[in-house]
Amino acid sequence: MSNNEVPKVFYRGENEEFMVVIQSPEDYRRYKKDPSIPLVDVVDSFKVFVTRAGTQGIIDEASRAMLENEFGTKNSDQAIQKILKDGDFQEQKYSYKTEYDSTNDSMGARFPH
């Protein structure tokens, strides 16, 4: 996996969409087959995020109240387990511009007359 790929699992709740960043697709697939694998071997961090405006929108850390309302617990580990179990895997690729493009090709050299 290259540095510009971020594997995530999304879970659509009743009022919010939740997201967990995972270490790799392979680790996630192994966890789906064997949920006894420790979470530390699957997730990138023990944070649950909430997305606004869909999977490509603004991402904030979910509050304890949001976890309580959706998952019936303030414990992020239990919420993460539910997200991993019932969520959908998505690998998002980011492209970063590494060179500058010309922004004034049609104007020429622009010397004072």
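**View 1. Glu-70 and the residues it touches.** Leaving aside residues up to four places away in sequence, Glu-70 touches Tyr-11, Gly-13, Glu-14, Asn-15 and Phe-18. This is a predicted model, so take the close-ups in that spirit. With Glu-14 there is a backbone link to look for: a polar atom of the Glu-70 side chain sits 3.0 Å from the backbone nitrogen of Glu-14. As for where Glu-70 comes from, it belongs to helix 2, which covers residues 64-71.

**View 2. A buried Glu-70 without a salt bridge.** Which side chain of opposite charge is nearest to Glu-70? That would be Lys-82, but it is 7.5 Å away. A salt bridge would need a side-chain nitrogen of Lys or Arg within 4 Å of a carboxyl oxygen. Glu-70 has none, even though it is buried.

**View 3. The two sides of helix 2.** Glu-70 shares its buried status with Met-66, Leu-67 and Phe-71 of helix 2. Looking down the helix axis, these buried residues fall within an arc of 100°, so they line one face of helix 2. Flip to the other side and you find Arg-64 and Asn-69, both exposed. Right after the helix comes Gly-72, with a positive phi of about 75°.

**View 4. What covers helix 2.** Several elements help cover the buried residues of helix 2, including strand 1 (5-12), strand 2 (17-21), strand 3 (49-52) and helix 3 (76-86).

**View 5. Helix 1 and its buried face.** Helix 1 runs over residues 25-33, and its buried residues are Pro-25, Asp-27, Tyr-28 and Tyr-31. Here the buried residues spread within an arc of 160° as seen down the axis, so they too line one face of the helix.

**View 6. Zooming out to the whole chain.** The protein chain has three helices and five strands, and along the sequence they come in the order β-β-α-β-β-α-α-β. Of its 113 residues, 34% are buried. Counting contacts between residues at least 6 apart in sequence, 57% join residues at least 24 apart.

**View 7. How far to trust the picture, and residues 94-98.** Mean pLDDT for the protein chain is 82, with 72% of residues at 70 or more. Residues 94-98 are another matter, with pLDDT below 50. Beyond near neighbours in sequence, this stretch has four contacts in the model. Low pLDDT means the predicted coordinates should not be read in detail.

Key:
Residues numbered from 1 in each chain as written. Predicted model: local features only at pLDDT ≥ 70, side-chain atom pairs only at ≥ 80, totals over all residues. Heavy atoms only, no water. Helix = DSSP H or I, 4+ residues; strand = E, 2+ residues; numbered from the N terminus. Buried < 20%, exposed > 50% of the residue type's maximum accessible area, 1.4 Å probe, protein only. Lys, Arg positive; Asp, Glu negative; His and termini not counted. Polar contact = N/O pair within 3.5 Å; in protein donor to acceptor, adjacent residues only side chain to side chain. Contact = heavy atoms within 4.5 Å. Arc of directions from axis to C-beta. pLDDT = per-residue confidence, 0-100.
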